[in-house]
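Biologist: Before I trust this one, I'd like to go through the labels with you. Mind if I keep asking where they come from?

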Amino acid sequence: IEHGIATVPLFHELPDGPKVDVHYYGEWQGREATPIIFWPGFTGAAWSKKSYKIFFFEALRDQLAAAQIPWVAIDQRGTGCSVQYPAQVATSKHEAQAYYGFTSPQLVRDGEAIRRELFGERPWVVAGQSYGSIVVHQYL
């Protein structure tokens, strides 16, 4: 499994503002087929990186490898090895605004940043599970 970190703006509308790290993993090197990106569900909580891979990808991994299909899974903001969700309850407008950095429009733009980093302007197939399906809906 290959891993990477995309450092992206907390708010994509403010590209010169604070940055956050978004972790992604998959198998994409040397594969020319149309890539697939997976957005997981369960936003706002941390997954165990190992258990998430086993839970979600074990059944698909051999089939994707046999077909030489590149795939990428994103530990979306607030999950896995990506920036963690703010722990405190917002008590001011400024603190509340930080939560906007963890909404689906920001996750979509994270995905686009990762796509450009790995595949340039090549199109890809998008798939999501649970909350990830909301991200895919926003993406489309």
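Biologist: Over which residues does pLDDT stay under 50, and how many contacts beyond four places in sequence does the model have for them?

Modeller: That's residues 44–48, with 15 such contacts. This is a predicted model, and pLDDT is the predictor's confidence on a scale from 0 to 100, so a value under 50 there tells you about confidence. For the chain, the mean pLDDT is 84, and 84% of its residues reach 70 or more.

Biologist: What makes β3 and strand β4 a pair?

Modeller: Pairing takes at least two bridges. β3 and β4 (residues 71–75) have 3, in the parallel sense, so they count as paired. One of the contributors is I36, whose bridge partner in β4 is W71.

Biologist: And how do you know that β3 pairs with strand β5?

Modeller: Same test: at least two bridges are needed, and 4 join β3 to β5 (residues 125–128), therefore they pair. They run parallel. I36 turns up here too, with V125 as its bridge partner in β5.

Biologist: Why are the side chains of β3 split between two directions, and are they called buried or exposed?

Modeller: In a regular strand, side chains alternate between the two faces of the sheet. In β3 (residues 36–39), I36 and F38 point one way, I37 and W39 the other. Buried means under 20% relative accessible area, and all four residues get that label, so each is under that cut-off.

Biologist: What share of the chain counts as buried?

Modeller: 43% of the 140 residues.

Notes: Residues numbered from 1 in each chain as written. Predicted model: local features only at pLDDT ≥ 70, side-chain atom pairs only at ≥ 80, totals over all residues. Heavy atoms only, no water. Contact = heavy atoms within 4.5 Å. Buried < 20%, exposed > 50% of the residue type's maximum accessible area, 1.4 Å probe, protein only.
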